[in-house]
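Work through the exercises below with the sequence and the coordinates at hand. Each task is followed by a worked solution.

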Amino acid sequence: MKEEEILGDTVEFLDEELKKALGSIQDIAAKVYEGKLDAYEGFLETEKYNERVVELGNKLKEKGVDVTQVAEYKEF
């Protein structure tokens, strides 16, 4: 069973998944900055995480959490 099926859409699970996705985007940006990826490759890599961030943000919003107002997310 997948972790998501067990935990469902709890705020804690969604929060953790959002942090993972944002961290992945940050890692890709660092690789582009360091020259390990070119900008286009970095863009392509971040696209899958961008979609996940939007999906998770919408699910959190449905649960009453506005990610645009949470200080933790502004650090990313």
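**Exercise 1.** Does Ala21 count as buried or exposed, and at what relative accessibility?

Solution. The model is a predicted one. Begin with the location: Ala21 is a residue of helix 2. Next, take the relative accessibility of Ala21, which is 5%. The cut-off for buried is under 20% relative accessible area. Ala21 therefore counts as buried. Finally, list the neighbours, leaving out residues up to four places away in sequence: Ala21 touches Tyr49, Arg52 and Val53. As a check on backbone distance, the C-alpha atoms of Ala21 and Glu51 are separated by 9.5 Å, although these residues are 30 apart along the chain.

**Exercise 2.** Determine how helix 2 and helix 3 are oriented with respect to each other.

Solution. Take the two ranges first: helix 2 covers residues 11–34 and helix 3 covers residues 39–62. Their axes lie 9 Å apart, and the packing angle is about 165°. Angles over 145 degrees count as roughly antiparallel. Helix 2 is therefore roughly antiparallel to helix 3. The handedness remains: the crossing of helix 2 past helix 3 is left-handed.

**Exercise 3.** Which residues of helix 2 and helix 3 meet, and how do they divide by character?

Solution. On the side of helix 2, the residues are Val11, Leu14, Asp15, Glu17, Leu18, Ala21, Leu22, Ser24, Ile25, Ile28 and Val32. Helix 3 contributes Ala39, Gly42, Glu45, Thr46, Tyr49, Asn50, Arg52, Val53, Leu56, Lys59 and Leu60. Sorted by character, the residues of this contact comprise 13 nonpolar, four polar and five charged.

**Exercise 4.** Describe the span of helix 2, its buried residues and the residue that follows it.

Solution. Start with the span: from first C-alpha to last, the 24 residues of helix 2 reach 34 Å, close to the 34 Å expected at 1.5 Å a residue. Then list the buried residues of helix 2: Phe13, Leu14, Asp15, Glu17, Leu18, Ala21, Leu22, Gly23, Ser24 and Ile28. Past the end of helix 2 comes Gly35, with a positive phi near 85°.

**Exercise 5.** Is Val54 buried or exposed?

Solution. Val54 belongs to helix 3. Its relative accessible area is 52%, and the cut-off for exposed is over 50%, so Val54 is exposed. For its distance to helix 2, use Leu18: the C-alpha atoms of Val54 and Leu18 are 9.1 Å apart, with their positions 36 residues apart along the chain.

**Exercise 6.** How many helices and strands does the chain have, and what share of its residues counts as buried?

Solution. The count gives four helices and zero strands, in the order α-α-α-α from the N terminus. Of the 76 residues, 24% count as buried.

How values were computed: Residues numbered from 1 in each chain as written. Predicted model: local features only at pLDDT ≥ 70, side-chain atom pairs only at ≥ 80, totals over all residues. Heavy atoms only, no water. Axes fitted to C-alpha atoms, helices over the stretch in contact; angles between N-to-C directions. Parallel < 35°, antiparallel > 145°, perpendicular 65-115°, else oblique. Left-handed = near helix turned anticlockwise from the far one by under 90°. Contact = heavy atoms within 4.5 Å. Nonpolar A, V, L, I, M, F, W, Y, C, P; charged D, E, K, R; others polar. Expected span 1.5 Å × (residues − 1). Buried < 20%, exposed > 50% of the residue type's maximum accessible area, 1.4 Å probe, protein only.
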